[in-house]
Amino acid sequence: MQTWLMKRNCSFSPKQVGLFYLSIVCFSLLIAGYFLFIGVWMIIIFTSIEILALTIALYVYTRHALDYEKITIVGKQLFVERSWGGKIQIDELNTLWTKLHRSGTGKSSLTLKSSTKEVPIGFFVVMNEQEQFEKDLEKYLGV
């Protein structure tokens, strides 16, 4: 059995993002409260817009922070499991009938092609490790 697990390179975990969000919101509301206290009521509008924009940006970030791609070969079966935005998709291919194709020079240029399926792979492979990943995977295909 051979497994490759590729994850998104993220600086913060979802828990850390939540703590960051809470601290920024508290700080913004503290500043807005001071200006509201001295009579500048317009600050509430701008603080609300700021918090809404931050909420949307961090929601998108945390939705994709745990994305991954896992390729597993067990015997003659090849499983490609992808998690994208919390949705998991699993494709099953036979290693005897599957070929690895490079479709250009882009980031996600690798595709596994079988008789009936085309599965793009390598979204989270670092560019300088892509050649080695290709060589390692090709050892198991078409054998």
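This dialogue reads the sheet and the helix packing of a predicted model.

Reader: What should I know about the model before I start?

Author: The model is predicted, so local features need pLDDT of at least 70 and side-chain atom pairs count only at pLDDT 80 or more, while totals for chains, interfaces and linings use all residues. Residues are numbered from 1 along each chain as its sequence is written, and side-chain values use heavy atoms, with hydrogens and water left out.

Reader: What is the order of the strands in the open sheet?

Author: Strands of a sheet pair through backbone hydrogen bonds, either parallel or antiparallel. Here four strands (DSSP runs of E, at least two residues, numbered from the N terminus) form an open sheet in the order 1-2-3-4 with antiparallel pairing, where pairing requires at least two DSSP bridges between two strands. Strand 1 (2-7) and strand 4 (87-94) are the edge strands, each pairing on one side only.

Reader: Over how many bridges do strand 1 and strand 2 pair?

Author: Strand 1 and strand 2 (residues 68-74) pair over six bridges in the antiparallel sense, and Lys-7 has Tyr-68 in strand 2 as its bridge partner.

Reader: How do helix 1 and helix 2 cross?

Author: Two packed helices are described by the angle between their axes and the distance between the axes. Helices are DSSP runs of H or I with at least four residues, and axes are lines fitted to C-alpha atoms, for helices over the stretch in contact (heavy atoms within 4.5 Å), with angles from 0 to 180 degrees between N-to-C directions. The axes of helix 1 (residues 14-37) and helix 2 (residues 43-64) come within 10 Å and cross at roughly 175°. The two helices, helix 1 and helix 2, are therefore roughly antiparallel (angles over 145 degrees).

How values were computed. Angles under 35 degrees count as roughly parallel, over 145 as roughly antiparallel, 65 to 115 as roughly perpendicular and the rest as oblique.
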